[in-house]
Amino acid sequence: MLDGSKKIYTFGKRKIKKLAGLMILTAGILWGILGIFVRELNADDLASMDIVLIRAVTTTIILLPILFIRKKGEWKIRLRDIWCFIGTGIGSIVFFNFCYFKAVVMTSLSVAAVLLYTAPAFVIIISAFIFRERVTVKKVIALILTFLGLMLVTGILGSGSRLSAGGILFGLGAGLGYALYSIFSRFAIQRGYPPLTITFYTFLIAAISSAVMTNPVRIIGSFTARPFLLIPALLLGALCTVCPFALYTTGLQYTENGVASIIASIEPVASTVVGALIYGEFLSAWNAAGVVMVLSGVIISSLRPKKS
C-alpha cells in the first residue's frame, strides 16, 4: 500500500516537473493582467503604495484559511528560517515596489519597466555564485532577445525617453528587488517549505512592513465609503497574487532560477496585449516585433537539452 502511494507521489512529481515551464509562464501572464485591477483601485485615489498594502493584506487573508485546511502544520515555519521570508517579503516585494515607483516618477513608465526587467540578469549572476547554476550560451541568447524585445514592447527604443542617474539607480534597484524573490524562494524551497507557505509569509511580512509606509486608516476609510472596491482588491489578491506566486514558486522547484526569471518576462507582453484589447491602447509594428522577440527568448530558455 505504501509502495503504491509512493509510486503515485513520484508520478505526480514527474508530471509537475514537465509542467514547470508552463506554470511559470502562466504566472507571468497573471501578473501581466493585474493592471486591470490596479487601475480600478487607482481611479479611487488610492496611491501605489496603498495598493501594495491592499495586495499584501488580501493575499494574506485569502491564504490563511487555505493553509489551515490543507496538510496539518503547513502554516508552521522554523524561527531560524524567518530570514528567507524577510528576504522575499521586504527584500523583494516591498523594496522592488518602492524602487519601481520612484523610478517611474524620476524617469518614465517605459524606462522603469525595462530597468525592472534587468531582473533575469541579476538572477542569472547571483544564482551562478550562490547556487552554482551554469551561465550557458542558451541563457545569454534568451536574455538578450528578451531584453531587446522588452525595449520594443515598452517603446523605449527611439522614444527619446528622459533619463536621470537617480532614476536609473532606482530602476536597477527595482530589478534587483524583483530578482531577490527567486533567490530567497530557492532558499525556502531547499528548507522544505511548500509554495503556499512561502507565498503566505512573504505577503504577511510585506503587509506589516508596507503598513508603515502608508496610511491604513485612510485606506479603510476608502473601502468603507466605496464597498465595491472589495471586488478588484480580492481579484488582485486571488487571481494576480495567490495564483501566480504559487505557480511560480512551484515551477521554481523544478527550474533553474535564471530560466524561470526569463520565462516570467512574459509579464509586460501580457500587459501590452491587455492594454491593446481592453483599453484600446495602440500596438505598433515595433511593439509587435518586441512581443515576438520576448516570446522567442522565453521559448529558447524553456528548451530542454536532448538526453544522450
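Helix α4 passes helix α8 in a left-handed crossing, and this pair is a useful place to begin reading the structure, which is a predicted model. The contact of α4 with α8 has, by class, 18 nonpolar, 10 polar and one charged residues. Both α4 and α8 also appear among the helices that each supply at least two residues of the lining of the largest cavity, a space of about 140 Å³.

**Overall fold**
- The protein chain has 14 helices and zero strands, so that, because strands and helices are read here as runs along the sequence, its pattern is written as α-α-α-α-α-α-α-α-α-α-α-α-α-α.
- A compact globule with 308 residues would have a radius of gyration near 19 Å, and the protein chain, at 19 Å, agrees with that expectation.
- Taken along the principal axes, the box filled by the C-alpha atoms of the protein chain comes to roughly 65 × 55 × 35 Å.

**How α8 meets its partners**
- Helix α4, which covers residues 82-106, and helix α8, which covers residues 165-190, have axes that come within 7 Å and cross at roughly 160 degrees.
- Because angles over 145 degrees count as roughly antiparallel, that crossing makes α4 roughly antiparallel to α8.
- The axes of α8 and helix α9, the latter spanning residues 195-211, come within 10 Å and cross at roughly 130 degrees, and the two helices are therefore oblique to each other.
- The crossing in which α8 passes α9 is right-handed, whereas α4 passes α8 in a left-handed one.

**The cavity and its lining**
- The count of cavities of 30 Å³ or more comes to one, and the space in the largest cavity is about 140 Å³.
- The largest cavity is lined by 17 residues, of which W31, Y178, S182, Y248 and A264 are the closest to its centre.
- At least two lining residues of the largest cavity come from each of α4, α6 (119-130), α8 and α11 (230-252).
- Helix α8 gives the largest share of that lining, with four residues.
- Sorted by class, the lining of the largest cavity has 13 nonpolar and four polar residues, and no charged residues.

Methods
Residues are numbered from 1 along each chain as its sequence is written. This is a predicted model: local features need pLDDT of at least 70, side-chain atom pairs count only at pLDDT 80 or more; totals for chains, interfaces and linings use all residues. Side-chain values use heavy atoms; hydrogens and water are left out. Axes are lines fitted to C-alpha atoms, for helices over the stretch in contact, and angles run from 0 to 180 degrees between N-to-C directions. Angles under 35 degrees count as roughly parallel, over 145 as roughly antiparallel, 65 to 115 as roughly perpendicular and the rest as oblique. A crossing is left-handed if the near helix is turned anticlockwise from the far one by less than a right angle, and right-handed if clockwise. Ala, Val, Leu, Ile, Met, Phe, Trp, Tyr, Cys and Pro count as nonpolar, Asp, Glu, Lys and Arg as charged, and the others, Gly among them, as polar. On a 1 Å grid over the protein atoms alone, a cavity is a set of points where a 1.4 Å probe fits but cannot get out, and a pocket is an open set with protein on both sides within 12 Å along at least five of seven lines; lining residues have an atom within 4 Å of a point. Grid points are joined across faces, edges and corners, and a volume is the space filled by probe spheres set on the points. The radius of gyration is taken over C-alpha atoms; the globule rule is 2.2 Å times the number of residues to the power 0.38.
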